[in-house]
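Student: Hi! Could you walk me through this structure while I have it open?
Tutor: Happy to. Let's put it on screen and start with a term we will need.
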Amino acid sequence: MDPRARHANPSAYAEKRASPVIQGSPAQSVMSSSLDRVRTVLSRLFRAPSMVLAPRARVKVENLAVELWVSQRKLPLALRADAIVVPVAPDLKMVFGIAKMVRDYGADAVQYEANRVAPLEPGDSFVGTGSKYRYAHTALAVVFDHQKRTSSELIARAISSALGKLGRAGARSVIFPDMTENLLSQPNWITDEQRRETAAISARLMLDAALLAGSDMRAIKIWVWDNRSADAFVQEMKKLQERRRAMAASSSV
């Protein structure tokens with residue numbers, strides 16, 4: 001632009017200087033696309049998680065309340081109890097599945113405590129420290145043998161041992177996280193059908209163990225932390241409810 005024209009019309013000169021050099025070019029399209037991807041990623045990262053404020057199902061068994069909570073990968077803020085029970089092998093290492101998640105909640109404190117008493121025999125349990133503002137005790141139930149195998153009898157023994165020790169420690173409510181992923185040998189490579197079958201077994205075993213909680217416990221809160229297992233637990237809770245209604249009807253006759 002001629003210098004005299006610039007002084008005569010400074011606003012037009014400023015608009016020309018402010019306009020991008022690559023306007024309408026392929027480079028600008030690439031930049032715009034990149035910015036859109038960044039916005040998408042940031043929106044996912046900072047999206048507020050859905051709040052789980054109540055159990056999905058609840059069954060009353062005499063003086064024991066059995067609740068089903070479903071929340072993907074994170075312990076619901078509204079879910080509180082005196083203790084939590086997780087499955088481990090005889091070495092008490094919390095390195096996989098829900099055991100690893102609970103270890104992280106407690107900043108590894110219970111793992112250090114468990115290392116001092118390991119190994120334990122299959123079917124035994126260890127009660128250590130909990131996680132601040134979440135639960136006071138963490139129980140490690142040895143549901144696997146030394147070859148990392150398990151059975152319904154071994155799971156029942158280990159959970160019964162854990163509940164007994166927790167009751168003596170003063171716990172009256174317990175969180176039972178879903179053990180499905182820990183019971184699977186290769187959870188990232190199995191089919192959906194295999195996962196559903198294992199989730200159904202896990203749900204049945206956990207509910208059976210909950211009914212054997214003893215007189216000390218007032219609430220068993222089952223936490224399903226993988227939505228893929230939720231349907232199996234919902235079905236088992238319905239069956240438990242139907243059994244309780246049938247027993248109540250027969251006793252009233």
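Tutor: When I say contact, I mean heavy atoms within 4.5 Å. One more thing up front: this is a predicted model.
Student: OK, so among contacts between residues at least 6 apart in sequence, what share join residues at least 24 apart?
Tutor: That share is 68% in this chain.
Student: And what is the secondary structure made of?
Tutor: The chain has nine helices and seven strands. Of its 253 residues, 42% are buried.
Student: What is the mean pLDDT of the chain?
Tutor: The mean is 81, and 76% of the residues reach 70 or more.
Student: Where does pLDDT stay under 50?
Tutor: Over residues 13-23, and for that stretch the model has five contacts beyond four places in sequence. Where pLDDT is low, the predicted coordinates should not be read in detail.
Student: Noted. Let's go inside: how many residues are in the largest nonpolar core?
Tutor: That core has 39 residues. Those with the most contacts inside it are Leu68, Val85, Leu166, Val174, Phe176, Ile220 and Ile222.
Student: Take Leu166. Which residues is it in contact with, leaving aside neighbours within four places in sequence?
Tutor: Leu166 touches Ala83, Val85, Val127, His137, Ala139, Ala171, Val174 and Met217. There is also a second, separate core of 24 residues, and Ile84, Ala99, Leu120 and Trp225 are among them.
Student: Val85 and Ile84 make me curious about strand 3 (83-88). Which of its residues are on each side?
Tutor: Ala83, Val85 and Pro87 are on one side, with Ile84, Val86 and Val88 on the other. Both faces are covered, and six of the six residues in strand 3 are buried.
Student: In what sense does strand 3 pair with strand 5, parallel or antiparallel?
Tutor: Parallel, over six bridges. Pro87, for instance, stands opposite Ala141 in strand 5. Strand 3 also runs parallel to strand 6, joined by two bridges, and there Ala83 has Val174 as its bridge partner.
Student: What about strand 4 and strand 5, parallel or antiparallel?
Tutor: Those two run antiparallel, with six bridges between them. Gly128 in that pairing stands opposite Thr138 in strand 5. Strand 4 is mostly covered, with five of its seven residues buried.
Student: How many residues lie between strand 4 and strand 5 in the hairpin?
Tutor: Three, and Tyr133 in that turn has a positive phi of about 70°. Most residues other than glycine have a negative phi, and most peptide bonds are trans.
Student: Is Tyr133 buried or exposed?
Tutor: Tyr133 is at 64% relative accessibility, so it counts as exposed, the cut-off being over 50%.
Student: Which residue is in the loop between helix 4 and helix 5 and has a phi near 70°?
Tutor: Asp108, which is not a glycine either. Its relative accessibility is 25%, so Asp108 counts as partly exposed. Just after helix 4, Ala107 also takes a positive phi, of about 55°.
Student: And which peptide bond is cis?
Tutor: The one from Ala118 to Pro119, with omega near 0°. Pro119 lies in the loop between helix 5 (109-115) and strand 4 (125-131).
Student: Back to helix 4 for a second. Which of its residues are buried?
Tutor: Gly97, Ile98, Ala99, Met101, Val102 and Arg103. They pack against several elements, including strand 3, helix 5, strand 5 and strand 7 (219-224).
Student: What about Phe96, where is it placed?
Tutor: Phe96 is in the loop between strand 3 and helix 4, and it is partly exposed at 35% relative accessible area. Phe96 and Asn182 are 86 residues apart in sequence, while their C-alpha atoms are 7.0 Å apart in space.
Student: Switching to rings: how many aromatic pairs are there?
Tutor: The count comes to zero, taking pairs as ring centres within 6.5 Å.
Student: Then which charged end sits over the ring of Tyr105?
Tutor: That of Arg134, 4.4 Å from the centre of the ring.
Student: Great, thanks!

Conventions: Residues numbered from 1 in each chain as written. Predicted model: local features only at pLDDT ≥ 70, side-chain atom pairs only at ≥ 80, totals over all residues. Heavy atoms only, no water. Helix = DSSP H or I, 4+ residues; strand = E, 2+ residues; numbered from the N terminus. Buried < 20%, exposed > 50% of the residue type's maximum accessible area, 1.4 Å probe, protein only. pLDDT = per-residue confidence, 0-100. Core = buried A, V, L, I, M, F, W, Y, C linked by side-chain atoms within 4.5 Å. Phe/Tyr/Trp six-rings, centres within 6.5 Å; stacked < 30°, edge-to-face > 60°. Lys NZ or Arg CZ within 6 Å of the ring centre and 35° of its normal. Pairing = 2+ DSSP bridges.
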